[in-house]
Amino acid sequence: METRIVGRPAFRLVGHATRVPLIHRGVNPYIQRHVAALPAREHLRLKALGDTEPAGLLAVCADLDADFDEGSELTYLHGVAVSRGTPVPADLDVIEVPAGRWVVLRVVGPDPQVLQETWATAVTGWFPFNPWRLRPGPEIVAVSAGTDNPGGTARELWLPVEPA
């Protein structure tokens with residue numbers, strides 16, 4: 001698991017949002033149905049709109065329960081990151097993201113297992129040994145460029161952090 005700390009100015013996450021229950025293991029069927037219901041042309045439109053990091057199509061979880069209880073509701077947004085000044089079509093949902101720091105965890109492996117394992121490893125093995133703690137904000141998953149890896153898809157998990 002590669003990690004880096006990134007400082008980002010304020011930006012927006014835009015796309016299609018829905019409320020879903022938090023599921024700790026396996027594919028979340030509610031998220032899967034939400035994304036599958038979007039026409040292919042909508043994915044292309046979103047990709048064209050994205051103009052800042054994290055790049056590409058994003059899986060965003062926001063408004064999570066502080067205890068991350070299984071079954072609690074969260075806002076899931078399938079979308080992209082845009083700069084504050086980028087015009088956003090009225091039919092898209094927007095999550096405003098304030099300036100701040102992020103820990104970016106790059107992993108390769110089968111989805112969703114690798115992300116779920118990475119989250120668990122971050123909580124038990126990374127945060128306790130580093131001078132950072134989670135701060136309020138969305139959790140973002142970005143598919144990295146060049147994902148032709150035989151070991152699985154490369155993904156970046158962006159978690160909002162502040163000094164501990």
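**Figure 1. The largest nonpolar core of the predicted model.** In this predicted model, the largest nonpolar core is made up of 15 residues. The residues with the most contacts inside this core are F11, L13, L58, V60, I95, I140 and W158. Two or more residues each come from the strands β2 (11-21), β3 (58-62), β4, β5 (93-97), β6 and β8 (139-143). Strand β3 gives the most, with three residues. I95 serves as an example of the packing: leaving aside neighbours within four places in sequence, I95 is in contact with F11, R12, L13, V60, A62 and L77.

**Figure 2. Another nonpolar core.** Apart from the largest core lies another core, of 14 residues. Among the members of this other core are A122, V141, L157 and L159.

**Figure 3. The aromatic pair W102 and W158.** The structure holds four aromatic pairs. One of them is formed by W102 and W158, which meet edge-to-face, with 6.3 Å from centre to centre and 65° between the planes. This pair links distant parts of the chain: W102 belongs to strand β6 (residues 100-109) and W158 to strand β9 (residues 153-163), and the two are 56 residues apart. W102 counts as buried because its relative accessibility is 0%. W158 is likewise buried, because its relative accessible area is 0%. Together with F11, the residues W102 and W158 form one aromatic cluster.

**Figure 4. Arginines over the rings of the cluster.** Two rings of the cluster formed by F11, W102 and W158 are shown with their arginine partners. R8 lies over the face of F11, at 5.0 Å from the ring centre. At W102, the charged end of R135 sits over the ring, 5.2 Å from its centre.

**Figure 5. The aromatic pair W126 and F127.** Among the four aromatic pairs of the structure is the one between W126 and F127. Their arrangement is edge-to-face, at 5.0 Å centre to centre and 85° between the planes. W126 has 10% relative accessibility and therefore counts as buried. F127 is buried too, because its relative accessible area is 14%.

**Figure 6. The surroundings of H78.** H78 is found in strand β4, which covers residues 73-83. With a relative accessibility of 8%, H78 lies under the 20% limit and so counts as buried. The side chain of H78 makes a polar contact with the side chain of H43, at 3.0 Å. Not counting residues up to four places away in sequence, H78 touches V14, G15, H16, H34, V35, L38, H43, L46, L57 and L58. L58, one of these neighbours, is also among the residues with the most contacts inside the largest nonpolar core.

**Figure 7. G100 and its neighbours.** G100 has its place in strand β6. Residues up to four places away in sequence are not counted here; beyond them, G100 touches V6, G7, R8 and R135. Both arginines of this set appear in Figure 4, where R8 lies over the face of F11 and the charged end of R135 sits over the ring of W102. G137 is 37 residues from G100 along the chain, and the C-alpha atoms of the two are separated by 9.5 Å.

**Figure 8. D67 in the loop between β3 and β4.** D67 lies in the loop that joins these two strands. D67 is exposed, because its relative accessible area of 58% is over the 50% limit. From D67 to R135 the distance is 13 Å, C-alpha to C-alpha, for a separation of 68 residues in sequence.

**Figure 9. The whole chain, for orientation of the close-up views.** The secondary structure of the chain comes to three helices and nine strands. Read along the sequence, their order is β-β-α-α-β-β-β-β-α-β-β-β. The C-alpha trace spans about 45 × 35 × 30 Å along its principal axes. A compact globule of 164 residues would have a radius of gyration near 15 Å, and the value for the chain, 15 Å, therefore agrees. Of the 164 residues, 43% count as buried. Among contacts between residues at least 6 apart in sequence, 77% join residues at least 24 apart.

Technical notes. Residues numbered from 1 in each chain as written. Predicted model: local features only at pLDDT ≥ 70, side-chain atom pairs only at ≥ 80, totals over all residues. Heavy atoms only, no water. Helix = DSSP H or I, 4+ residues; strand = E, 2+ residues; numbered from the N terminus. Buried < 20%, exposed > 50% of the residue type's maximum accessible area, 1.4 Å probe, protein only. Polar contact = N/O pair within 3.5 Å; in protein donor to acceptor, adjacent residues only side chain to side chain. Contact = heavy atoms within 4.5 Å. Phe/Tyr/Trp six-rings, centres within 6.5 Å; stacked < 30°, edge-to-face > 60°. Lys NZ or Arg CZ within 6 Å of the ring centre and 35° of its normal. Core = buried A, V, L, I, M, F, W, Y, C linked by side-chain atoms within 4.5 Å. Rg over C-alpha atoms; globule rule 2.2 N^0.38 Å.
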